[in-house]
Amino acid sequence: MIDYITTKTQLPEVSVKNTIELLNEDCTIPFISRYRKERTGNLDEVQIGEIVKYKEQFEAIEKRKQVILKTLEAQEVLTSELKQKIESAPNLAVLEDLYLPFKKSRKTKAEKARQMGLEPLAKIIMSQNANDLESIAFRYVKGEVNAVEEALKGARHIIAEWINERTDIRNHIRYQLERFAMISTKEVKTKTANEEAQKFKDYFDWEEHLGRIPSHRLLAILRAEKEGFIRVKINIDDDRALDKIENRIIKSYNACADQIEIAIKDAYKRLLLPSLSNEALEIAKEKADDAAIHVFAKNLKQLLLGSPLGEKRVMAIDPGFRTGCKVVCLGAQGQLKYNETIYPHPPKSDSSGAMKKISSLADAYKIEAIAIGNGTASRETEALIRKIRFKNDVQVFVVSEAGASIYSASKIAREEFPDYDVTVRGSVSIGRRLQDPLAELVKIDAKSIGVGQYQHDVSQTKLQNALDLVVENCVNAVGVNINTASKSLLGYVSGIGPKLAENMFNYRKEQGVFLSRHDIKNVPRLGNKAFEQSAAFLRIKAPENPLDDSAVHPERYVLVAKMAKDLGKSVRDLIGNKQVLQNIDLKKYCTDSVGLLTLEDILKELEKPGLDIREQAKVFTFNQNIKTINDLREGQLLPGIVNNITNFGCFVDVGIKESGLIHVSNLSDSFVKDVNAHVHLHQQIIVKVLEIDIPRKRIQLKLHK
């Protein structure tokens, strides 16, 4: 396993070995990357995630080997040579090739020919020594075989199967596909008039090298095929592939050679190419999935670590026309204080009444900020709010609604607000997203947040695992206030999970707030291991021991106390005291288990305990003159917010229904290797309008610097 992982990751062997040991001890990725740096050689969570991935991959291969060995043993065909080949198979493709000749299948043409007694004839042909093949074949004309041609045809089916089972030939075709395969598409003419099909019209007649096709294009092509708008084919040079196979097999110039040549063509077209071209497409799809998931995970991380407004009193508005705008007032910790519906827009158009109501609510609940959802009627609602003269300074923010409707109808929302309908819950979610995006977004299935492309087309298991890992890493990177966190947020804390999160939440409800990290041990079913994995990520505000509101692990409290004692100070005296901390000689405190990496982390934390790694929220305003795509003009400079990032560029919200695309070539005048190096999610930028395609609702933009 260690060899397999080090080959795949190029990480040091000792780091891989120690990380596997920690994983086998039920340690989590955030815990290992943060608190076991000496053992891993300072691997980050991404590198540890790679080790986990390849560990699982290796275990899946080993499990499959055991199943195959057991099956072959039961068939009494397992030789010591075959066993050795299976045990040393480096991947699933090699393993399945070795197993292929022994797979039980009664429906093949070859099996039918065997049942007709034609295998000896196939062996004679393959020996390539027979001179009078027709008279030899005539001996097999009996029973179900009515003619010489039927006997030869049956023998060819058996030969075709043998050719298909040859590992060297399969690997040769794989090589051809890897190097030269082209993916081509053709429209299904009966379906292309469909309006949905027009999205894919670029691929109605397309050809490209399979190995070089960008991930987003392959996923688009496969989606179009799934919808029935196009047909997809994988092609290689058939003549070149057949020549190579013939050179490997045909060693004579007699009638046997003629039969083998026919069998080779049959094996290639009926068995080898369909199977291996599907395999090649699956490999390309897997790579495309990985690339799309990587982009999705990056976007999700940026979204989750979005700027929090913090503990401020917020009014949240879910805008609408006919159904009105749902208004809620929230306390600094997100508690619902008040809710009402106002109707400032058509058909009721009570803008005057709505403005008075919002002004009085802002005054009554001492509102410090207003969050407006970015859906229908958002721009109109924002314009209305900006006309109001508030008594106090009130900041106005437009907040993404993506996934809010999913949350409002969820079990979590029903538990939080059993007495309110979905519209009120949706507004609460919008307001809380402004206060703390991470704490609110963890309640929603990450796939519903809408920060990836083709998320429904990629492997759902892989996607879910990748996104869960991102959420877990983000939650633990920021840390969690144990006394205010929801069950959903607590569930992502290292070592906790949904069940312990519920126990923790219920304990807090019944017993009152946690006063120290030591109290965490009183939570039912929370043992020493869960405490070790979780404690440092759980924060207690204004604690008796200041380390309880820091990322210093409780296992290092004694060490910090010793540092303080050696300086003649209390632990509290060290907190934030940069001058004193600079005088600590860290080498004095190094031991076998605590090295400089851990000690430097402790010092950083003592300097700024519980520092939030996220930036502060900033107010932003769209161009108030741009309401629809028809208001856009080429050459305009507009403020915008990056709302999605892909490998081919980024999408920007300029305050209208349609997002504009900054293609990768328009992000910079120089070559762009990584889009994320130029923009990040929710970044406020200025864009230049390059092109407007109103019928297709497409907007081309350029990043203005």
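Student: Is T598 buried or exposed?

Tutor: The model is a predicted one. A residue counts as buried when its relative accessible area is under 20%. T598 has a relative accessible area of 11%, so the residue is buried. T598 belongs to helix α29, which spans residues 596-607.

Student: With which residues is T598 in contact, leaving aside its neighbours within four places in sequence?

Tutor: The contacts of T598 are with E38 and R556. The side chains of T598 and E38 are joined by a polar contact of 2.6 Å.

Student: How should the accessibility of Q57 be read?

Tutor: The class between buried and exposed runs from 20% to 50%. Q57 has a relative accessibility of 32% and therefore counts as partly exposed. Q57 is placed in helix α5, residues 45-75.

Student: Which residues does Q57 touch, not counting those up to four places away in sequence?

Tutor: Q57 touches Y4 and K8. Between the side chains of Q57 and Y4 there is a polar contact of 2.6 Å. In addition, Q57 lies 9.7 Å from M1, C-alpha to C-alpha, although 56 residues separate the two in sequence.

Student: What order do the strands of the closed barrel follow?

Tutor: In general, strands of a sheet pair through backbone hydrogen bonds, in parallel or antiparallel fashion. Here five strands form a closed barrel in the order β11-β12-β13-β15-β14, with mixed pairing. On average, neighbouring strands of this sheet are turned by 50° against each other, direction ignored.

Student: How many bridges join strand β13 to strand β15?

Tutor: Two bridges join β13 (residues 660-663) to β15 (residues 698-703), and these strands run parallel. I662 stands opposite L701 of β15.

Conventions: Residues numbered from 1 in each chain as written. Predicted model: local features only at pLDDT ≥ 70, side-chain atom pairs only at ≥ 80, totals over all residues. Heavy atoms only, no water. Helix = DSSP H or I, 4+ residues; strand = E, 2+ residues; numbered from the N terminus. Buried < 20%, exposed > 50% of the residue type's maximum accessible area, 1.4 Å probe, protein only. Contact = heavy atoms within 4.5 Å. Polar contact = N/O pair within 3.5 Å; in protein donor to acceptor, adjacent residues only side chain to side chain. Pairing = 2+ DSSP bridges. Axes fitted to C-alpha atoms, helices over the stretch in contact; angles between N-to-C directions.
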